[in-house]
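Thanks for making time, everyone. I have one model to walk through today. Please have a look at it while I get started.

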Amino acid sequence: MPATLSRATLAGLFVLALATSGFARGQFWDFLGYTQVDGGQDHGRIQVTRHSGLFHTIQLRVSGDAIFFDRLIVHFSNGTSKEFMVSGRISSEGKYYVMDLPGDDRVLESVELRYYKEAWGHIPRVSLYGVHSEALDH
């Protein structure tokens with residue numbers, strides 16, 4: 001019984017350490033929106049549903065079948081945009097695409113997705129997350 005208790009205690013401490021280190025770095029991902037990918041199109045758009053605050057890093061997560069992305073275009077509320085070349089496949093097996101937004105943090109409006117059409121068995125869903133820049137909001 002003591003060996004089981006020790007393992008459970010160690011596992012709990014390990015999880016607590018991971019959660020604390022994530023909090024210290026401010027790496028909490030806020031959900032910003034999603035879209036279902038249409039196999040008949042080669043592009044899509046995620047409209048950002050959270051317009052409050054500034055974000056310095058964004059992340060794409062794919063569920064369903066993998067998607068081969070060509071590029072992404074991030075649109076900001078001030079009318080500017082930034083293009084990111086991806087040229088790679090993003091799958092739902094824990095592979096995410098993370099982008100640091102250059103320059104000053106800006107309010108996100110939408111993210112335009114450019115990808116290659118494929119015959120997907122399961123319609124992919126692309127979700128957008130961001131790391132909030134609280135220090136810059138004040």
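**Around L72 and strand β7**

Let me begin at one residue. Set aside the neighbours within four places in sequence, and L72 is in contact with L60, K82, E83, F84, V86, Y97, M99, V111, E112 and L113. Keep that list in mind. Several of those names will come back.

A word on what this is. The model is predicted. The chain has 138 residues, and 36% of them are buried. It contains two helices and eight strands. In sequence order the pattern reads α-β-β-β-β-β-β-β-β-α.

Next, the contacts over the chain. Take those with a sequence separation of 6 or more. Of these, 78% are between residues 24 or more positions apart. On the outside, the chain exposes about 8,200 Å². Carbon and sulfur atoms supply 56% of that area.

Now the sheet. What is its strand order? The order is β2-β7-β4-β5, in an open sheet of four strands with antiparallel pairing. The edge strands are β2, residues 43–47, and β5, residues 81–90. Each of these two pairs on one side only. From one strand to the next, the twist averages 20°.

A general reminder before the pairings. Strands in a sheet pair through backbone hydrogen bonds, and the sense is either parallel or antiparallel.

Let's take β7, residues 108–115. On one hand, β7 pairs with β2, antiparallel, over five bridges. Two positions help you find the register. Q47 stands opposite S110. R45 has E112 as its bridge partner.

On the other hand, β7 pairs with β4. That pairing is also antiparallel, and it runs over seven bridges. Here L72 comes back: its bridge partner in β7 is L113.

How much of β7 is covered? Mostly covered is the answer: of its eight residues, six are buried.

Let's look at two glutamates in that strand. First, E112, which lies in β7. Is E112 buried or exposed? E112 counts as buried, because its relative accessibility is 11%, and the cut-off for buried is under 20%. So what does this acidic side chain meet? The E112 side chain makes a polar contact of 3.0 Å with the side chain of H75. A polar contact of 2.6 Å joins the E112 side chain to that of R114. Beyond four places in sequence, E112 is in contact with G44, R45, R71, L72, I73 and H75. Note R45 there, its bridge partner.

Second, E109, also in β7. E109 counts as partly exposed, because its relative accessibility is 29%. Its contacts beyond four places in sequence are Q47, V48, H51, H75, F76 and S77. H75 is on this list too. E109 and H75 are 34 residues apart along the chain, yet their C-alpha atoms are separated by 5.5 Å.

On to the core. The largest nonpolar core has 25 residues. Which of them touch the most other members? They are I58, L60, F69, L72, L108, L113 and V126. So L72 and its bridge partner L113 are both on that list. Five elements give two or more residues each: β3, β4, β5, β7 and β8, the last of these being residues 125–132. β4 gives the most, with five residues.

Two more stops. A66 sits in the loop between β3, residues 55–63, and β4, residues 67–76. Leaving out neighbours within four places, A66 is in contact with R89, I90, S91, E118 and W120. V126, one of the core residues just named, is 60 residues from A66 along the chain. The C-alpha atoms of A66 and V126 are separated by 9.9 Å.

Last, S87 in strand β5. What is unusual to check here is the backbone. S87 has a positive phi of about 45°, although it is not a glycine. S87 counts as partly exposed, because its relative accessibility is 48%.

To recap. β7 pairs with β2 over five bridges and with β4 over seven. E112 is buried in β7 and makes polar contacts with H75 and R114. L72 is bridged to L113. That is my tour; over to you.

Terms used
Residues numbered from 1 in each chain as written. Predicted model: local features only at pLDDT ≥ 70, side-chain atom pairs only at ≥ 80, totals over all residues. Heavy atoms only, no water. Pairing = 2+ DSSP bridges. Axes fitted to C-alpha atoms, helices over the stretch in contact; angles between N-to-C directions. Buried < 20%, exposed > 50% of the residue type's maximum accessible area, 1.4 Å probe, protein only. Contact = heavy atoms within 4.5 Å. Areas by Shrake-Rupley, 256 points an atom, 1.4 Å probe, with all protein chains shown as cover. Polar contact = N/O pair within 3.5 Å; in protein donor to acceptor, adjacent residues only side chain to side chain. Core = buried A, V, L, I, M, F, W, Y, C linked by side-chain atoms within 4.5 Å.
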